[in-house]
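Please look over the sequence and the fold shown below before reading on. The briefing that follows takes up the cysteines, the barrel, one helix and the nonpolar cores in turn.

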Amino acid sequence: MLADPRPSFLKLKKRPPKPRSVGLTHVLDKGYTLSMTQEVLAQAADFIDIWKFGWGTSYVDPAVRSKVAELQAAGIKTCTGGTLLEVAWMQGQTEAMFQFASEVGFDCVEVSDGATEMPPSEKRKLISRACDYGFDVMAEVGSKDPAKLVTPAGWLDEIDGDVAAGASWIVAEGRESGTVGLYEGTGEVRRSLIDMLGQSPHADKIIYEAPQRAQQSFLLRLFGPKVNLGNISIDDIMSLETLRLGLRADTLGLLSGDDRGSDVRI
């Protein structure tokens, strides 16, 4: 076996080994082919914890079963996109959706209500039913509609209810664009919301969607390298790992004794 080619002459904080319970990197697959996925895994599998098949891509991807098998062999959990389940709920096909995800071999399903007018009670039923199937549930909170601003207290209430229903993880909405939910339309963070989420009794279960580098840097400086970050572009996996380790100017302060930096502006 070849020796690990990565150097070791710098003093960096050690990342927890996989399977990790903190410092998760949750990536968004927008339609990678099997061969592209294999290339990513060859170089970056150690840095990825959860691989989400965005939206409804798992429904149309002819290689979905092979990709799920490759990802799981690399120690990466696989997850369906929340929109797929929302469409299934609209059409009365949630059982068929769960059966599909189970047959393919997905580890997780995302349960969201940001694209439809799904009542909270229905969302909780879906979380509970997904647990019955043995899935780890990733419950998304926050709306995809920028006109629907939920108060920080509303986010906390939704998180409490979703965890009580059985959710393993809470995904804080930011979308692929990073311009809704946690963020203003400009991409700037809603600081009062972020601060309140950090005080939640379920804060360790929150995965903050942070597709933009400035958002990733902000959250790392605020919460430290153990923060869970989601909707990471596959092209940005290694870039995010350097941010976590303090190997980029944005997060150089993480190399100090304190895991959290003092400058948390965005």
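Why does Cys-79 form no bond with Cys-108, the residue that holds the closest cysteine sulfur? In this predicted model, the sulfur of Cys-79 lies 5.0 Å from that of Cys-108, which is too far for a bond, since a disulfide requires two cysteine sulfur atoms within 2.5 Å.

**Cysteines**

- By this distance rule, the count of disulfides in the model comes to zero.
- Cys-79 has a relative accessibility of 0% and therefore counts as buried.
- Cys-131 likewise takes part in no disulfide, the nearest cysteine sulfur being that of Cys-108 at 11 Å; with a relative accessibility of 29%, Cys-131 counts as partly exposed.

**Barrel**

- Eight strands close into a barrel, following the order β1-β2-β3-β4-β5-β6-β7-β8 with parallel pairing, and the twist from one strand to the next averages 25 degrees.
- Within this barrel, strand β5 (residues 136-141) pairs with strand β6 (residues 169-172) in the parallel sense over four bridges, and Met-138 stands opposite Trp-169 in β6.
- Helix α9 (residues 213-223) lies across both β7 (206-209) and β8 (228-233), and runs at about 165 degrees to β8.

**Helix α1**

- In helix α1 (residues 34-44), the buried residues include Thr-37, Val-40, Leu-41 and Ala-44; they are on the same side of α1 because they cover an arc of only 100 degrees around the axis.
- Glu-39, Ala-42 and Gln-43, by contrast, are exposed on the other side of α1.
- The elements that cover the buried residues of α1 include strand β2 (50-53), helix α3 (64-73) and helix α10 (237-245).

**Nonpolar cores**

- In soluble globular proteins, nonpolar side chains tend to be buried together.
- The largest nonpolar core in this model has 61 residues, of which Trp-51, Leu-182, Leu-197, Tyr-208 and Leu-229 touch the most other members; helix α5 (residues 94-104) gives the most to this core, contributing five residues.
- A second, separate core consists of eight residues, among them Leu-24, Cys-108, Val-171 and Ile-207.
- Leaving aside residues up to four places away in sequence, Trp-51 touches Val-27, Asp-29, Thr-37, Val-40, Leu-71, Ile-76, Lys-77, Thr-78, Cys-79 and Ile-234; of these contacts, Thr-37 and Val-40 are among the buried residues of helix α1, and Cys-79 is the buried cysteine described above.

Notes. Residues numbered from 1 in each chain as written. Predicted model: local features only at pLDDT ≥ 70, side-chain atom pairs only at ≥ 80, totals over all residues. Heavy atoms only, no water. Core = buried A, V, L, I, M, F, W, Y, C linked by side-chain atoms within 4.5 Å. Buried < 20%, exposed > 50% of the residue type's maximum accessible area, 1.4 Å probe, protein only. Helix = DSSP H or I, 4+ residues; strand = E, 2+ residues; numbered from the N terminus. Contact = heavy atoms within 4.5 Å. Pairing = 2+ DSSP bridges. Axes fitted to C-alpha atoms, helices over the stretch in contact; angles between N-to-C directions. Arc of directions from axis to C-beta.
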